[in-house]
Amino acid sequence: MSNGRSAESDIISMFQIADESYAVENAAAELKAIATGVIGDNNSDSVAEWLKKHV
């Protein structure tokens with residue numbers, strides 16, 4: 001990143017300002033702690049399944 005921040009730091013910032021945020025099961029513990037919810041891991045169709053049910 002050109003501003004010296006890590007990608008993880010940017011993701012945490014986005015989660016903190018979002019009305020809702022969902023982390024995958026195998027995300028960092030810090031991210032899951034601030035997420036609205038935790039869905040299945042990123043090695044399965046968890047994101048696609050969540051989107052089918054909620055969008």
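This is a short tutorial dialogue on reading features in a predicted model.

Biologist: Let's begin with burial. Is Ser21 buried or exposed?

Modeller: Happy to start there. Relative accessible area is the value to read, and buried means under 20%. Ser21 has 6%, so Ser21 counts as buried. As for its place, Ser21 sits in the loop between helix 1 (7–17) and strand 1 (22–24).

Biologist: Which residues does Ser21 touch, leaving out those up to four places away in sequence?

Modeller: The contacts of Ser21 are Phe15, Ile34, Ala35, Thr36 and Gly37.

Biologist: That loop also holds Ala18. How accessible is Ala18?

Modeller: Ala18 has a relative accessibility of 34%, so Ala18 is classed as partly exposed. You can also look at C-alpha distances here: Ala18 and Ala35 are separated by 17 residues in sequence and by 9.5 Å in space.

Biologist: I'd like another pair of that kind. How far apart are the C-alpha atoms of Glu8 and Glu30?

Modeller: They are 9.8 Å apart, with their positions 22 residues apart along the chain. Glu8 belongs to helix 1, and its relative accessibility of 44% makes Glu8 partly exposed.

Biologist: Now to aromatic rings. How many aromatic pairs does a search of the whole structure find?

Modeller: The search finds one. To read such a pair, look at the distance between ring centres and the angle between planes: under 30 degrees is stacked, over 60 is edge-to-face, and the rest is tilted. Here the partners are Tyr22 and Trp50, with centres 4.7 Å apart and planes at 45°, a tilted arrangement.

Biologist: Where in the chain do the two partners lie?

Modeller: Tyr22 is in strand 1 and Trp50 in helix 3, so the pair joins distant parts of the chain, 28 residues apart. Tyr22 is partly exposed, at 30% relative accessibility.

Biologist: On to charges, then. How many salt bridges does the structure hold?

Modeller: There is one salt bridge. The general idea is a side-chain nitrogen of Lys or Arg within 4 Å of a carboxyl oxygen of Asp or Glu. In this model, the side chains of Lys52 and Glu49 meet that way, at 3.4 Å from N to O.

Biologist: Why are Lys52 and Glu49 separated by about one helical turn?

Modeller: Because Lys52 and Glu49 are three residues apart in helix 3. Their accessibility classes are worth checking too: Lys52 is exposed at 62%, while Glu49 is partly exposed at 34%.

Biologist: Let's stay with helix 3, where Ser46 is found. Is Ser46 buried or exposed?

Modeller: Ser46 is buried, with 11% relative accessible area. Beyond its neighbours within four places in sequence, Ser46 is in contact with Ile39, Gly40 and Asp41. For Asp41 you can look at individual atoms: a polar atom of the Ser46 side chain lies 3.0 Å from the backbone oxygen of Asp41.

Biologist: One last feature, the surface. Which residues form a nonpolar patch?

Modeller: In a nonpolar patch, side chains such as Val and Leu are joined when they come within 5 Å. Here Val47, Leu51 and Val55 make up the patch, and together they have about 300 Å² of accessible area.

Biologist: Where does Val55 lie, and how accessible is Val55?

Modeller: Val55 lies in the segment after helix 3 (46–54). With 79% relative accessible area, Val55 is exposed.

Key: Residues numbered from 1 in each chain as written. Predicted model: local features only at pLDDT ≥ 70, side-chain atom pairs only at ≥ 80, totals over all residues. Heavy atoms only, no water. Helix = DSSP H or I, 4+ residues; strand = E, 2+ residues; numbered from the N terminus. Buried < 20%, exposed > 50% of the residue type's maximum accessible area, 1.4 Å probe, protein only. Contact = heavy atoms within 4.5 Å. Patch = residues over 30% accessible without salt bridge, like charges linked within 9 Å, V, L, I, M, F, W, Y side chains within 5 Å. Areas by Shrake-Rupley, 256 points an atom, 1.4 Å probe, with all protein chains shown as cover. Phe/Tyr/Trp six-rings, centres within 6.5 Å; stacked < 30°, edge-to-face > 60°. Polar contact = N/O pair within 3.5 Å; in protein donor to acceptor, adjacent residues only side chain to side chain.
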